[in-house]
Structure formats: structure tokens, C-alpha cells
Amino acid sequence: MSLQRAKELASGVPETATAKSQSVPGVAGRVDLGQLRSRAAGNVALFGANNSPQTAQYLDLNTQVSATLAVQDEQAWYYVYVPANGKVTAFLQTVNNASLDYDLYLYKYNPADGTLALQAYSFYAPTHYEQVSTPAATGEIYFIAVHAYQGADPVNPYTLAVLYSSLPDVDEPNDNPWQARSATDGISASRTLDNAFDEDWTALTVTQENTFVFSLNTAATGTYQLHLFATNIHGTSLATVNKNTQAAFTLSPGTWYVRVLSLDTVTPAEPYTVRVAVAAGALTDIKVLNHTGVEDYINYNPAYGPSWRIQTTATFKGTLKDRYGRVLPNTPVNLAVYTPSTYRKQTFATGVSDASGAFSIPVELPGALGVLKYDFVFGAEHYDMASFTLSAEGASVGRHLWHYAYTEWYPVGL
Ligand SMILES: [Ca+2]
Ligand SMILES: [Ca+2]
Ligand SMILES: [Ca+2]
């Protein structure tokens, strides 16, 4: 297929994301598929324009067609046959003219009674492409309507492409803002881009202002991107997050839109994960418990200041809060403990904060060598310098540790 989509749009005029107030074009009467098939096999010119469901033009999946709409409110109808379970995507490259507004509709055909049921619509502003999709099963028939909502151009054509893909993810259909999945105060999803046109939209409701960390991770080789929109879904996104990176944005209460797509190729079998989560402002009340009987918060060396004494089995505890000091539940916390004097320089562990923002991460550490010693009257405690880092959603805290090895007791004099 040669059709290229303009995924990176020029700056648009701000528009709102609310659906237009126009009513969906009426579907007059029922469709007799037998008549449609004879029409497809015969001379199309005999039957006039395909401006109603009853005169819809058959399209093979994974093909495209270019045609014109001559007058405002005219419709052009097409239908496709689904050979196997999967997804049908319709993509409309509209006429590039700011005074024209074409829209796109997708209907499911009911063979029992010949009626059409609306599955999806796409109502972008002028000059923006339109796109809809639907999960589809073997043998089903879908109808597609192109509608000249405002203006028409009898000379310059639109181009309609209809694609079939076999591996849609479970959150489909979500190819446009009107088909978006809903989420509140965060997104955590694993999805795929099942064809090069696939867009995965989420409508994110933010109930209170906060800073959110956005990330998009995938092993797919294409140029996968996450785009953030406010109400202007028609123009340039407010922000872009490239795959395998993260960024933080402060969002006010209201509805935001998150779109994931690829600028070039997709790997349908390779999932991506999209995550939007409240950014951590601080990790507080940190303490390190030690289960081997050396638990203490002491000062072996005034040059470093006091810290925890650990041995081989320890638990790191604390509380995660957002930038406003509100506890941050259900958030992954990563622990790294550095023991450079031992055979294993780094030990990693993870936990998740509970409903109170509290986390508790147990970790097994290598035994210390005891290259340093802290003298007291009757002996010396041998230890190594160690350190840790706790991090979560953009915040981190770290400190040195005393990695206890053993106690050497001096001979008691007579
Ligand atoms: Ca439109
Ligand atoms: Ca998808
Ligand atoms: Ca999608």
C-alpha cells in the first residue's frame, strides 16, 4: 500500500475534543447483500454513485480507493468482508483544504435483518486525517461511510484505505479520541501496534493537579512515540515521549489524551508498555532493619556521619509521597545496595508502596570483608563502606551504610 499518512501534523488551530453536535448520517432502509454483490460484479456506472448503503462499493481489505464528494452532505459508502478474526481499520486522507470537513463512519452489517449498527466515527477538524477501527470476526461484513460534513470538492479526491490486521491487542478499538480507553489519575497498559496505522488512545482523567511521569517502553524497532494532548486533539501534541525514555509533566485536573503510535514501522507481536504515574516528590521515614542482630543507627566515622549498620539480611523501609506531601500508593520502588569491597558490587531489589505509601523491601547481601575497623575499649568492629539508593517515579534518596563483618575482641588483661 502506497498511502502515507501525515502523522506529524503542522501546528493546528486549537479545537476542542468534544464530539461535534451533528447527527450521524441516517442509514435509510436495509441492505440487500445479494444486490450489492451483483452490483460489484456488474457495471458500476449503471448503478450511479455509491452514495447510500444500498449502493455501497465493495473493497478488498488492504486496498485503497480515491474518489470525490461533489456537494456538502454527500456520502460515499463502501463495504468489506472479513476473512478471519482480527481487526478492521479504515483510514481517510481528507482533502487538504481548511474549508472542507470530511468525516468517517464504520458500521457492522447484520446479515439477519440487513441493518447496520454504528461501531465508530472519527470527527477530526479540517485537514486532519480520519481513522476508525473495530475488532472483527471471520465472515463479518463492515460498512464504511465518508461524509462531507462541511463543504465538498468535486475535483480533489479523498483517499480511503481499509486494512486488516490479525493481532489486535485487548484494548482495541482505541484508534481515535472518540474510541479512547478511559483511565483515571494514571495509565498502566501493555499493548501492541498491530498495523502501521494503529493508534492507541487513552482518555486520562486527572482528579487533582500533580506531576506525572510518562514512559513508553518496547523492544520493537520502529519509531514508537507517546503523544500528550489536552483538548486540542487535532493539532500538534503538547509533548512527545520517545520509546524507552521517560519524562515528567504537571497536569491540571481535567481530561487529557495520550496517544501511542509509530512514525514508521511496527512489530505487531512485540508489546509496548505505556505508563503514566504520579511522580514521587520524596521518599521519607527511611530506615534499614537488619535481621541478623546488628541493627543499629550509629556513627563509625564522623567524616561520614551516622547511618545504619547492616550485615547480610536487611529490610529497607520508608514512605513514598508526591510533590505535595500526599502519600503515593501502589508505586514501584527500586532499591540498589552497593558493596564495593565484596565479591558482588551491586544488589538490586524492588517493592511496591501500599495504600499508605509505605514500602518494605527485603534484600540479601554478600558478607562484608571487614577492611575497615572501629575501635572500642574491648575490641574492634570490622566493616566495609557501603551505600544504597532508593528510587521511585523520578525521586531518589541514598546514604552510606556500615557493612558489618565481625567483631574482634581484644585479650582481657589480668
Ligand atoms: Ca473531519
Ligand atoms: Ca493497539
Ligand atoms: Ca488502536
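## A long antiparallel pair

Strands 27 (residues 379-392) and 28 pair in the antiparallel sense, with 14 bridges between them. Within this pairing, the bridge partner of His 382 is Tyr 406 in strand 28. The two strands form a hairpin with two residues between them. One residue to look at in the turn is Glu 393, whose phi is positive, at about 45°.

Strand 28 (residues 395-409) also pairs with strand 21 (residues 307-310), this time in parallel and through two bridges. Here Ile 310 stands opposite His 403 of strand 28.

## How confident is the model?

Please keep in mind that this is a predicted model. The protein chain has a mean pLDDT of 89, and 89% of its residues reach 70 or more.

Two stretches call for more caution. Over residues 1-21 pLDDT stays under 50, and the model has 36 contacts beyond four places in sequence for them. Residues 40-47 also stay under 50, with four such contacts in the model.

## A three-stranded open sheet

What is the strand order in the open sheet of three strands? The order is 19-22-25, and the pairing is antiparallel. Strand 19 (282-290) and strand 25 (358-364) each have a single partner strand, so one side of each edge strand is left without a neighbour in the sheet. From one strand to the next, the twist averages 20°.

Strand 19 and strand 22 (residues 313-321) run antiparallel and are joined by seven bridges. If you would like a pair to locate on screen, take Leu 283, whose bridge partner in strand 22 is Leu 320.

## Two faces of strand 11

In a regular strand the side chains alternate between the two faces of the sheet. Strand 11 (residues 187-191) shows such alternation: Ile 187, Ala 189 and Arg 191 point to one face and are buried. Ser 188 and Ser 190 point to the other face and are not buried.

Strand 11 runs antiparallel to strand 18 (residues 272-278), and five bridges join them. Ile 187 has Val 276 as its bridge partner in strand 18.

## Leu 226 and its surroundings

Is Leu 226, in strand 14 (residues 224-229), buried or exposed? Leu 226 counts as buried because it has 27 C-beta neighbours inside 10 Å, where 20 or more are required.

Leaving aside neighbours within four places in sequence, Leu 226 is in contact with Phe 214, Leu 216, Val 241, Val 258, Val 260 and Val 274. Of these, Val 258 is 32 residues from Leu 226 in sequence, yet their C-alpha atoms are 6.8 Å apart in space.

Terms used: Residues are numbered from 1 along each chain as its sequence is written. Chains are lettered from A and ligands numbered from 1 in the order in which they are written. This is a predicted model: local features need pLDDT of at least 70, side-chain atom pairs count only at pLDDT 80 or more; totals for chains, interfaces and linings use all residues. pLDDT is the predictor's confidence in each residue, from 0 to 100. Two residues are in contact if their C-beta atoms, placed from the backbone, lie within 7 Å. A residue is buried if 20 or more other C-beta atoms lie within 10 Å of its own, exposed if 12 or fewer, and partly exposed in between; C-beta atoms are placed from the backbone. Helices (H or I, at least four residues) and strands (E, at least two) are DSSP runs, numbered from the N terminus. Two strands pair if DSSP finds at least two bridges between them. Axes are lines fitted to C-alpha atoms, for helices over the stretch in contact, and angles run from 0 to 180 degrees between N-to-C directions.
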